[in-house]
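Here are some notes for a colleague who is about to go through the structure. They are arranged as numbered points, to be read with the coordinates open.

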Amino acid sequence: MDESLSERYGAFLSERRAALLSMIADACARAGRDPQEVDLLAVSKTVGPDEVALAIAAGQRLFGENRPQELSRKLAALRASGQADMVRFDMIGNLQKNKINQVLGNVELIHSVSSLHLAQAIAKRAEARGIVAKVLIEVNVSGEESKSGFDPAELRSQVDEVLGLGGLQVEGLMTMAPAHDASEARRTFSGLRNLADELRVRTGMPLSVLSCGMSDDFQIAVEEGSTLVRLGRIVFDEHYPLD
Ligand SMILES: *Cc1c(COP(=O)(O)O)cnc(C)c1O
């Protein structure tokens, strides 16, 4: 990136980050929550390593990628520039079984465990490497056909099996809301929170992470209990409006 361009884009990233943190704090205030409970994950899938480096300079430390290959590329660039230890990457997208090994050990948290089969496959590979993979269970709360994840009823019947897998530590739940419908989004996020409450009581596990809320709906998600919003366009795209 050209120097003046990168200076300008860096300034945009840091102003945008400040604005987003204050929007998150406002949503927390409306819901009587502590803003410390909510992490902002920057979804870097549409930008390159240079933009990630500028986001780091702007104070961002938590990033998400949805493709193992792109994750590896970003990490390689950050290792080369000595910045890899400053940041945390999570895997947020669909994970194919043959890509699990590429991701394990390179991310803090896998958000997208969308089936018992995938949970078993991750657990098996983690155990073989003597590590414990931290994961979230992805739930299709809204029931849209296009969405992946456990159906809530299916999760109720399989949760004990997932939690019993060695090599896997389930930290909470993740969901995606239907696009362009604020009331459906709210229902989806409150549904995720209620499901987590129910599963906590039943399993005795903390399930403390609720990963939900994207550029279009994160304020609703925070009002409904999200502890981790995954923001892409609104972080990196200068044309994405704040309101
Ligand atoms: C791309 C993506 C996001 C970010 O979406 P935006 O609307 O750009 O904020 C969040 N979560 C997942 C799983 C994604 O793939």
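1. A residue is called buried here when its relative accessible area is under 20%, exposed when that area is over 50%, and partly exposed in between. The model is a predicted one. With that cut-off, K74 is buried, because its relative accessible area is 1%.

2. The setting of K74 deserves a look of its own. K74 is found in helix 3, which covers residues 68-80, and its side chain is joined to the side chain of E65 by a polar contact of 2.6 Å. When neighbours within four places in sequence are left aside, K74 is in contact with S44, K45, V47, G48, P49, V52, E65 and F89. E65 therefore appears both in that list of contacts and as the partner in the polar contact, for which N or O atoms have to lie within 3.5 Å.

3. Please turn next to the cysteines. How many disulfides does the count come to? The count comes to zero, and C28 is in no disulfide, the nearest cysteine sulfur being that of C212, 12 Å away. A disulfide is a covalent bond between the sulfur atoms of two cysteines. Seen from the other side, the sulfur of C212 has its closest cysteine sulfur in C28, and the 12 Å between them is too far for a bond, because a pair would have to lie within 2.5 Å.

4. Are C28 and C212 buried or exposed? C28 has a relative accessible area of 0% and is therefore buried, while C212, at 1% relative accessibility, also counts as buried.

5. A19 is found in helix 1, which runs over residues 3-31. At 22% relative accessibility A19 counts as partly exposed, because this value is not under the 20% that buried requires. A19 and R200 are 181 residues apart in sequence, and their C-alpha atoms are 34 Å apart in space.

6. The count of salt bridges comes to 17. One of them is formed by R202 and D160, whose closest N and O atoms are 3.7 Å apart. This pair links distant parts of the chain, with R202 in helix 7 (residues 182-203) and D160 in helix 6 (residues 152-163), 42 residues apart. R202 counts as partly exposed, because its relative accessibility is 43%.

7. E224 calls for a closer reading. The side chains of E224 and R186 meet in a salt bridge of 2.8 Å, N to O. Here too the pair links distant parts of the chain, since E224 is in the loop between helix 8 (218-223) and strand 8 (228-231) and R186 is in helix 7, 38 residues apart. E224 is buried, with a relative accessible area of 13%, whereas R186, at 32% relative accessibility, counts as partly exposed.

8. E224 also forms a salt bridge with R193, in which the closest N and O atoms are 2.9 Å apart. Because E224 lies in the loop between helix 8 and strand 8 and R193 in helix 7, the pair ties together parts that are 31 residues apart in sequence. R193 counts as partly exposed, at 27% relative accessibility.

9. Which residues are linked with E224 in a network of salt bridges? R30, R186, R193 and E223 are linked with E224 in such a network, and when checking this region it may help to view R186 and R193 together, as E224 forms a salt bridge with R186 and with R193.

Conventions. Residues numbered from 1 in each chain as written. Predicted model: local features only at pLDDT ≥ 70, side-chain atom pairs only at ≥ 80, totals over all residues. Heavy atoms only, no water. Helix = DSSP H or I, 4+ residues; strand = E, 2+ residues; numbered from the N terminus. Buried < 20%, exposed > 50% of the residue type's maximum accessible area, 1.4 Å probe, protein only. Polar contact = N/O pair within 3.5 Å; in protein donor to acceptor, adjacent residues only side chain to side chain. Contact = heavy atoms within 4.5 Å. Salt bridge = Lys/Arg side-chain N within 4 Å of Asp/Glu carboxyl O.
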